[in-house]
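Please take a moment with the sequence and the 3D view that follow, and then let the paragraphs below lead you from one whole chain to a single metal site.

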Amino acid sequence: MDFEGKYNIKSPAVKRLMREACELKEPTEEYWAHPLDDNLFEWHFTVQGPPATDFEGGVYHGRILLPAEYPMKPPNIILITPNGRFETNKKICLSISGHHPETWQPSWSIRTALLALIAFMPTPGNGTIGSLDYTPEERQMLARKSQMLECPSCGKVVEQLSSSVSKPPTQEESSLIRQIALKAEEQPVEEEGENEEEQQPSEDKPVRQRLGVSQHLQPQSQLQHATVGVVSSTSDSYKNWLMWFLVAVIIFLIYRRLFLV
Amino acid sequence: MLNVIVPRDLYDKTALTGTMGDEKQVSSTTFDTDANQDELIMQQQRRIEKEISETTALVGDLEGLGMLEDEYAGDDVYCQKVHDLAGKYKSMRRTRPDGNCFFRAFSYAYLEQLLEDREEYERFRDLAAKSKNSLVELGFPQFTVEDFHDIFMEVIDHVGKGPTFFSQKELHKMFNDQGYSDYIVVYLRLITSGQLQRDSEFYQHFIEGDRSVADFCHQEVEPMYKESDHIHIIALSAALNVGVRVRYMDRGEASEVIAHDFPEGIHPAVHLLYRPGHYDILYP
Ligand SMILES: [Zn+2]
């Protein structure tokens with residue numbers, strides 16, 4: 001990787017990313033992350049499915065898109081490997097649970113993001129945008145299948161994680177990771193140059209999303225997160241229904257007046 | 001299905017005159033069904049942020065208070081206050097209303113003075129150099145704190161060269177370089193958070209609701225673009241031992257712009273003008 005010639009190394013964002021690349025050079029058994037050879041602002045990563053969950057044995061590959069304002073603005077995570085928890089090819093971003101993405105903190109890093117992703121996988125999706133609530137069987141099946149994945153730019157995904165034990169998260173780090181929530185964006189808002197989004201064609205999604213909501217999930221209940229979006233959209237559709245009902249009543253009354261009098 | 005009405009004309013006007021402050025909530029927003037409100041608000045905010053950054057410098061040029069008088073022409077309450085302010089201050093410098101204005105205004109005004117004040121500079125440099133370890137001890141991730149601290153010290157070391165080798169002009173340029181400028185803001189946010197958490201028993205009284213000081217810091221202090229309240233100013237001025245005088249200009253009864261010193265009883269090194277939701281720099 002020769003980024004020195006390509007980027008302004010005096011720029012704090014570039015300095016920071018080169019530092020992070022250096023910190024994450026050695027893969028651990030939990031994660032592997034690398035900037036692309038020609039783009040310091042796009043990384044590929046692989047994380048291990050958390051043990052003792054439906055994702056055990058899975059290896060999940062994805063992309064990290066870093067905004068030009070990084071670390072002031074959060075990185076976006078995009079999963080490539082089908083996993084049954086997050087939609088693939090959709091931007092997911094980090095925030096403090098129950099808050100907007102603006103609560104991303106510049107002192108978090110790519111490592112924080114990956115650890116948070118691992119910790120967040122077994123939490124209920126609750127129908128939030130970008131979440132999937134597949135059944136445990138489906139997730140276990142996808143976990144097994146995930147080992148076959150090969151990335152055109154990184155090669156065989158399963159070989160990336162190292163067997164060396166990772167630096168365990170410090171106590172502060174784990175309490176921090178527990179506060180983080182991940183949420184997909186409704187739609188890509190800013191164009192990030194060549195980062196074109198392929199939207200997944202999936203007609204069966206709306207049905208499947210709801211499937212596993214009441215299913216048993218792993219005992220990680222401390223990671224329950226508020227899903228403001230869902231609550232408000234339900235009440236919105238109720239209001240919508242009510243509105244149409246009233247419109248129908250009014251139309252009925254007008255008709256009655258016109259034809260019965 | 002997205003149906004967001006952006007009060008564009010309203011926004012443009014206020015951004016140009018600089019009276020909008022950091023208030024980012026836009027009231028006349030309507031949502032269609034099923035749309036995720038959070039996401040829509042975010043999108044709208046991003047649009048507004050973009051417009052703000054295109055119209056206002058991070059830290060502006062020095063200007064006389066006459067500009068302020070023109071701005072409020074016809075508004076009796078404010079005119080009186082501007083008049084009072086003009087008797088006390090010679091000039092001002094506007095900052096971008098992006099939620100970071102207190103931290104940016106404070107650090108600009110203070111470092112500008114350090115260019116000329118060797119003794120105070122030495123005291124501050126010493127304090128700044130030591131601040132990293134105490135943040136790491138409090139549990140901030142060492143790796144990233146180091147990153148912010150390095151850039152912060154780089155700027156301070158430039159200031160230490162004195163006005164002959166590092167002019168006010170160069171400082172101004174650095175503060176308008178988003179990279180450096182935001183790094184300074186982040187580091188001051190961390191120092192503020194550190195102070196709040198170290199002295200959490202005291203600061204707990206200032207926090208409404210049942211949020212802990214640590215939660216408050218994670219949600220309202222450490223993230224960028226979060227507006228500053230009294231509690232931020234009290235904590236930062238205490239952490240650095242630098243006095244701040246804030247002049248309040250609002251719709252209140254008094255014909256004067258009321259001053260509030262943080263911490264009380266200490267000579268104010270930095271003077272800021274507060275208008276609801278926003279801070280600018282004042283020069284006596
Ligand atoms: Zn790859």
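Of the 284 residues that make up chain B, 55% count as buried, and, since every statement here rests on it, please keep in mind that this is a predicted model. The accessible surface of chain B amounts to about 12700 Å², and carbon and sulfur atoms contribute 51% of that surface. Chain B contains 12 helices and 6 strands. If one considers the contacts in chain B between residues with a separation of 6 or more, 75% of them join residues that stand 24 or more positions apart.

We can now turn to chain A and its metal site. Which protein atoms are the donors of the zinc ion? They are ND1 of A:His44, NE2 of A:His61, SG of A:Cys151 and SG of A:Cys154, and they lie 2.0 to 2.2 Å from the zinc ion. The arrangement of these 4 donor atoms is tetrahedral, because the angles that they subtend around the zinc ion run from 101 to 115°, and to count as tetrahedral all angles must lie between 85 and 135 degrees. Along the sequence, the donor residues follow the spacing H-x16-H-x89-C-x2-C.

The two histidines deserve a closer look. A:His44 belongs to strand S2 (residues 39-48) of chain A, whereas A:His61 belongs to strand S3 (residues 59-65) of chain A, and this pair, 17 residues apart, links distant parts of the chain. Is A:His44 buried or exposed? A:His44 counts as buried because its relative accessibility is 6%, and A:His61 is buried as well, with a relative accessible area of 0%.

Technical notes
Residues are numbered from 1 along each chain as its sequence is written. Chains are lettered from A and ligands numbered from 1 in the order in which they are written. This is a predicted model: local features need pLDDT of at least 70, side-chain atom pairs count only at pLDDT 80 or more; totals for chains, interfaces and linings use all residues. Side-chain values use heavy atoms; hydrogens and water are left out. Helices (H or I, at least four residues) and strands (E, at least two) are DSSP runs, numbered from the N terminus. Buried means under 20% relative accessible area, exposed over 50%, partly exposed in between (1.4 Å probe, protein chains only). Contact means heavy atoms within 4.5 Å. Accessible areas come from the Shrake-Rupley method with a 1.4 Å probe; for residues, only the protein chains shown count as cover. Donors are N, O and S atoms within 2.8 Å of the metal (3.2 Å for Na, K and Ca); water is not among the atoms, so sites may look incomplete. Four donors count as tetrahedral if all angles lie between 85 and 135 degrees; four count as square planar and six as octahedral if opposite donors are over 155 degrees apart and all others between 65 and 115; anything else is irregular.
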